[in-house]
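This report covers the surroundings of the ligand and two backbone angles that call for comment. The sequence and the structure come first.

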Amino acid sequence: MEPKYKRVLLKISGEALAGEGKFGINEEMTKTVARQVKEIHDLGVEVAIVVGGGNFWRGRTSKDMDRATADYMGMLATVMNSLALQDALLAVGIKAKVQTAIEMREIAEPYARRKAISQLEHKDVVIFGAGTGNPFFSTDTAAALRAVEIDADVILLAKKVDAVYSDDPETNPDAVKFDELTHMEVVEKDLKVMDLTAATLCKDNNIAIHVFGISEEGNVLKAVYGEKIGTIIK
Ligand code: UDP
C-alpha cells in the first residue's frame, strides 16, 4: 500500500513531549516521536516538523510580563524542544536539520524556505524552531504557515489528546468526539483544536489537518496511510 501523502508537516505540541509529567522534556517521549517519524521516513515520506513550547512556557501564561517579551521566551522554548527532537532523530539514524525563525547560527540554521524544500527533497527531516519568529502568534500558526510555504499535503497535528472533542474530555465526561470536521466548523464552533489565526490560514489555503494522539505508537504511520484515527479536518 502506498502512503497517502508525499510531504507532511508534523506539528507536535510541547505538552506531548512532556509525557506524563506536565513540564519539560520526557526523553522517552522524544524517542517515541523519533521512532514514529522514522517509520514514515522509511516509506519515503518527506517530513517537516514544527514543535510547540508549552511544556516550558507560553507567552499568555504571564499576567504581568510584557506580552512580546513573554512570547519571545515561548519561542526560545520551542528551540529547546527542536534540539531535543533533532537529537532523538539523529540517534535513530535520520538526518535532521533545525531551522529557526530567529537567528541563532551557532546552534541551528536560519529559516530559508527554498533551502528547507531542498533539504526535504534530499530526505532530510527539517524541524522548524522559534515558531513564526513573531510574538502574538502560536506554533499552530507557524505549522499552518510552514505547511503552506513548503506545499505540504497535510498537517499531522500530534497531541496529548487523541482527537478533537466538543469539550475537554478530561474535565467533561459528556464531551463528544468528532471523527470529521470542516475548517468552517472549527472556526464557527470555536473548537479548541487550534487558534483561529491558524485555523483560518488552513481554511484559506485549503490544507487538511489530521489530529491524533502521539503517545500511541504507530499513529503517525496510520495517519500517513489515511486511516481514520482521531479527527480529520478538511
Ligand atoms: N510563540 C510566539 N510566536 C510564534 C510561536 C510561538 O510568540 O510564532 C510563543 C508563544 O508565547 C507561545 C509559545 O511560544 O505561547 C509556545 O508555543 P505554543 O503555545 O504554540 O506551544 P504548544 O501549545 O503547541 O506547546
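In the class counts used here, Ala, Val, Leu, Ile, Met, Phe, Trp, Tyr, Cys and Pro are nonpolar, Asp, Glu, Lys and Arg are charged, and the others, Gly among them, are polar. The model is a predicted one.

**Ligand shell**

The ligand is surrounded by 24 residues, and the closest of these are G52, G54, G59, G74 and G131. Sorted by class, the shell holds 14 polar, 5 nonpolar and 5 charged residues. Three helices, namely helix 1 (14-18), helix 3 (67-91) and helix 5 (139-149), each contribute at least two residues to the shell. Helix 3 provides the largest share, with 5 residues.

**Positive phi angles**

Most residues other than glycine have a negative phi. Two residues of this model, K123 and F136, are set out below with their positive phi values.

| Residue | Phi | Loop |
|---|---|---|
| K123 | near 70 degrees | between helix 4 (113-121) and strand 5 (125-129) |
| F136 | about 75 degrees | between strand 5 and helix 5 |

Where do K123 and F136 stand on the scale from buried to exposed? A residue counts as exposed if 12 or fewer other C-beta atoms lie within 10 Å of its own, as buried if there are 20 or more, and as partly exposed in between. K123 has 13 C-beta neighbours inside 10 Å and is therefore partly exposed. F136 has 12 other C-beta atoms within 10 Å, so F136 is exposed.

Technical notes: Residues numbered from 1 in each chain as written. Predicted model: local features only at pLDDT ≥ 70, side-chain atom pairs only at ≥ 80, totals over all residues. Near = placed C-beta within 6 Å. Helix = DSSP H or I, 4+ residues; strand = E, 2+ residues; numbered from the N terminus.
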